[in-house]
Structures are given as structure tokens and as C-alpha cells.
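The following exercises concern metal coordination, cysteine chemistry and strand pairing. Please work through each task with the sequence and the model at hand before reading the solution.

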Amino acid sequence: MSRILLSRRQLLAGMGGLAVLAGLGPVGRVWAAPRFHADPFSLGVAAGDPLPDGFVIWTRLAPEPLAEHGGMPSAAVPVRWEVAEDARFGSIVRTGEALARPELAHSVHVELAGLQPSRPYWYRFHVDGADTSPEGVARTAPAPGTTPDRVRIAVAGCQAYYHGWFDAYRHLAAEPELDAVFHYGDYIYEGAAGRTRAKRPIQDENGNPVNRDHVGGEIYSLDDYRRRYALYKCDPDLKAAHASVAFVSSFDDHEVDNDFAAAHDQDGTPPEVFRLRRFAAMQAWYEHMPVRPALFPRPHDRTAYYRRLDYGRLLRMHVLDTRSHRDDQPCVRPGQENCRTGGEATASILGRAQEDWLDQGLGRDTHWNLLAQQVFVMPLKARAPDGRELPPFVDKWDGYPASRAKLVRSITSKNLTNVVIASGDAHMNAIGTVPLRDDEPDGPAVATEFLASSISSNGDGALETPHVRRFIDGGNPHLALVNDLRGYQVHEVSADQWRTEVKAMDQVQRKGGRIRTVARFAVSPDRPQLHRL
Ligand code: FE
Ligand code: CA
């Protein structure tokens, strides 16, 4: 790579003045004549957070994804972008230039505006000295006040790289007419290499062993997190999914550290120390997700990652953050050092501000309300094979019964019957209802909950395993389906019906897995009740 680094003044002189860089803001050192030995678009392209008039388009320049700084020099690089109405880019409707800055790992986030509602747009990037990026496509949301015939939203997450292939994403990329993918989190895992490799062999199409392990130790620094994202984002199936549909990206614990709660990690690290790690993790998350600059990480917890997206009058998506503002989990594990003692009556999984924000936004403005979030909301009981009742799952809403009661009050006080919850995290499919009262799971329900299984985490699945047997044996009458298959779910939403398909892989540890629909459900907006189709 030849690196010609010019000062801003030299660059402006050489390029004919300010006009060239108008709109880019102040720049530091700019790599004026880039030359690349390898594809700088190795991590692909992505779009996200669609509004009626546009969405975010994203890329990151990383010619050597796992090398220091992704193989980029310590200088900013101008990146041009184009948006077209057609896949051949015959009708280009927007162009512009963004600066890929070293401070942000040479990522760019462009907020498109002024586009037409309810239609697809194609986008691509170009940087001097390299071939044009792959093309991506995404749909704008319907115009405000309109009710589209249908909206199709997939839900996916939990993609442990070392547990299996991302073939499910290849199938997701081929799903017809998806409007968006809600990614609930566990996009990366923070663990060290070598932890689970021996237990779970990963094979190519022909059955030959393949190393799909993490690189390096447990991740702590900004560079560590960037390299982990780079490893995951090089996956061709994941890249295909991003290029095919807009993502609405959230995060769960493993984007930072297992089971973290606001400024508390599992190990009792002093909060002021853990905050530094969390900040590095969230910077890297921002750098790699197609999210709007409103989600730029700011110190002192001043970024609200929760947000709402409307699909006309059909669907309001409330994207929740159940990690950043929660109280610590209660102490239930022996030897657990950093946890809350007592306080169950008040402990919050959303934090007061987000609870109020959710309460204010839940209503009848749209036919449906979707709470797009991370962990099990419904209360659950589980039993070990010997019949012993297992302790509550305190990392879920079960650790925060006061928060759940508040959500239930929010729903019932407004007489809402149109609340659907999307969850993940548990590495299984689980579909059921949230009861009005925790101790009456077979009593009236206030919402339906669709917990989507993992893309790859836990490796090859099966309909029934000890992992899900615990919940079957627990006796949970409000659970309509539970299985331990990998895959994703697709929700097709129309004004008078919510339809969900559970899509499951036959294998993920061997490349080339196929997908099929293993269950279908329907819900009416008049009543939070599941109908198996
Ligand atoms: Fe997970
Ligand atoms: Ca998780």
C-alpha cells in the first residue's frame, strides 16, 4: 500500500480548494491518493433504521480486517456513495461523499433523506484506488399515516462464530420482501479463542474440519472489539444478509460482557473500571452497525440506544435496551460477588427513564406495538431432570418482576390487546404469552412473546434437548412452543393479523445447512392469544 499523507492545507491546495471537502467538516490528515493491495470493502455494506424518507448506509474500510487498524493508515479517507432506484444503478437519485476517519475505524454512517416511502433503493460506495464496493439494497418505511397491506420483519441474533456457520443468514438474505431484520444482540461474543473448539467440531461441506475459532483472548480494548467485529463481519453469509435488507440493530450482553448489568460485570470489577471496557465495546458496536449518528456513544451514559420506528399506522417498533440501564441482577448463584441483595420490589430492567418513555409511546396510534428487545419477558419455571425446581433466570425479566408488573400495568391501563414482544438470548425458540399475573400463567394474557432462536450459538440443534426440557418439565401452560433448533423467525404483519413463521436449520456445524419452516402462528390484534396454524 503506498501511503501519501497530506495535511489538510496541502490537500485543499492540491484539490482546488474548499469546495472539494464541503460538508465533510474539519479533517485531519487525509490519505489523498489511496492505493489498496486488498479489497477495502472486506466487511461488506449495510443499511439500517429505515424511516419513510431514508435509512442509514454503512461501510468500513478494512483491507486487512484482522490486522492493526484493519490495514488502514492513520489518516482519513474520502468515500463516495451512490443511491439508485434500480439494481443496475441506471437511475441514481443521490450521491455524496463521507470521510472514513481513523477515530471511527474508517467506518462511515450516511443518513439518507428525501427518498420516497415504501420502496427499495440500491446503494454502493467507492474509494479511490480500489474497486467499487458490493451493492446493498434496503426499503424505506411506509409514509406516515398510511396503512401498508403488510410488513415483513425477521428477527435474528446470537451468532457465536465458533459454534457454527451463518448459513441461516444466507437463507434470510433470500427471504422474499423483507422490510427489515431486528437483530436483538449477541452479534459478537467476547470470549477467548479455544474455549469450545474441541467440543464442537466445525466442518466444511465435505465434512473436513475447519477452524472457526475466535482470534485472541477475551476482548477488553477498543482494538480487541474492532478485531472481533472484523472477524464476524468477514463471514460471507452475514454480509449477504446485510446487503439484502435493512437491519434494526440492538445489542445484548455479549457485545460487552456476559450478563453485564449497566456498570456491573459478573466478576465484581469496580464499576468505574468496567465502564471503560463498556465504552470501548459500545464505540466498536457503533462503528460496525448501520445505526444513526444519534446512537453515537457519548460519555456518562448520555446515549439512549432505545428508539422507535414506525411502519405507517400498521406497526410501531419500540426497540428496547435491557442492558444499559438495568439494576444489577439479584444474588442467586452461590459465590456470586457482584449482585443486588433485596430490592426485588423496585429493581428495573429498563431504568426509570426508559420505562416512562415506553409507557408514553405504547398506544393505539398503530394497529400493532412490537417490543423489540433482548431477553425473556414472560415468567418461567424450570425443572432439572431429577424434578428439582431450578432457581429463577435472573438475567431475564424474571429477575425484575417489578419492571414486568409495570409493563403489564402500562398495557392493561390502556386496554391494549395489540402488544407483541420479540426476544432472543436463550438459544431456543420459545413462543407464548405474558400473563396478567405472574402466579397465574394459565390466566388472562396481556401480550404474545416470540423468542427467536440463535443463528449459530450452541451449535447443531434438535427439537427437544435437555436445554429446553427444563421448561417443558417446569410446567409452563403459557408456553405454546419451545424447541432447540437454530434459525430465525419471520413476522408478517397486516392490520387484521400477525403471522409468524419459525425457520429452522437442519445443521450449522457443517457448512451448507438447509432451512425449513417448522411452525406457524397467528395472532389477532383484538386478543393476545396464539393460534397455531
Ligand atoms: Fe447468545
Ligand atoms: Ca445474551
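**Exercise 1.** Determine whether C331 is buried, partly exposed or exposed in this predicted model, and identify the cysteine to which a disulfide joins C331.

*Solution.*
Step 1. Residues between 20% and 50% relative accessible area are classed as partly exposed. C331 has 33% relative accessibility and therefore counts as partly exposed.
Step 2. The sulfur atom of C331 lies 2.0 Å from that of C339, and a disulfide joins the two residues. The model contains one disulfide by the distance criterion.
Step 3. C339 has a relative accessibility of 16%, so this cysteine counts as buried.
Step 4. The torsion about the S-S bond of C331 and C339 is about 105°, and the disulfide is therefore right-handed.
Step 5. Two further cysteines may be classified in the manner of Step 1. C234, at 27% relative accessibility, counts as partly exposed, whereas C158 is buried with a relative accessible area of 0%.

**Exercise 2.** Identify the protein donors of the iron ion (ligand 1) and decide whether their arrangement is regular or irregular.

*Solution.*
Step 1. The iron ion (ligand 1) has as protein donors the SG atom of C158, an OD atom of D186, the OH atom of Y189 and the NE2 atom of H427, at 2.0 to 2.4 Å.
Step 2. A tetrahedral assignment for four donors requires all angles to lie between 85 and 135 degrees. The four donor atoms around the iron ion (ligand 1) subtend angles of 88 to 164°, so the arrangement is irregular.
Step 3. Along the chain, the donor residues of the iron ion (ligand 1) have the spacing C-x27-D-x2-Y-x237-H. C158 belongs to the loop between β10 (151–156) and α2 (167–173), and H427 to the loop between β18 (419–423) and β19 (429–435); the pair therefore ties together parts 269 residues apart in sequence.
Step 4. Both C158 and H427 are buried.

**Exercise 3.** Which residues coordinate the calcium ion (ligand 2), and which residue coordinates both this ion and the iron ion (ligand 1)?

*Solution.*
Step 1. The calcium ion (ligand 2) is coordinated at 2.4 to 3.2 Å by OD atoms of D186, D252, D253 and D425, with D186 entered twice in the donor list.
Step 2. The spacing of these donors along the chain is D-x65-D-D-x171-D.
Step 3. D186 coordinates both the calcium ion (ligand 2) and the iron ion (ligand 1), which are 3.8 Å apart.
Step 4. D186 lies in the loop between β11 (180–183) and β12 (202–203), while D425 lies in the loop between β18 and β19; this pair links parts of the chain 239 residues apart.
Step 5. D186 counts as buried because its relative accessibility is 1%, and D425 counts as buried because its value is 10%.

**Exercise 4.** Establish how many residues of β10 are buried, and describe the pairing of β10 with β22 and with β11.

*Solution.*
Step 1. Six of the six residues of β10 are buried.
Step 2. Side chains in a regular strand alternate between the two faces of the sheet. In β10, V151, I153 and V155 lie on one side and R152, A154 and A156 on the other, and both faces are covered.
Step 3. β10 runs antiparallel to β22 (residues 487–494), to which five bridges join it. V151 has V493 as its bridge partner in β22.
Step 4. β10 and β11 pair in the parallel sense over four bridges, and the bridge partner of A154 in β11 is V181.
Step 5. Together with α2, the strands β10 and β11 make a right-handed β-α-β unit.

How values were computed: Residues are numbered from 1 along each chain as its sequence is written. Chains are lettered from A and ligands numbered from 1 in the order in which they are written. This is a predicted model: local features need pLDDT of at least 70, side-chain atom pairs count only at pLDDT 80 or more; totals for chains, interfaces and linings use all residues. Side-chain values use heavy atoms; hydrogens and water are left out. Donors are N, O and S atoms within 2.8 Å of the metal (3.2 Å for Na, K and Ca); water is not among the atoms, so sites may look incomplete. Four donors count as tetrahedral if all angles lie between 85 and 135 degrees; four count as square planar and six as octahedral if opposite donors are over 155 degrees apart and all others between 65 and 115; anything else is irregular. Helices (H or I, at least four residues) and strands (E, at least two) are DSSP runs, numbered from the N terminus. Buried means under 20% relative accessible area, exposed over 50%, partly exposed in between (1.4 Å probe, protein chains only). A disulfide is a pair of cysteine sulfur atoms within 2.5 Å. Two strands pair if DSSP finds at least two bridges between them. A crossover is right-handed if, with the strands pointing away from the viewer, the path from the first strand over the helix to the second runs clockwise.
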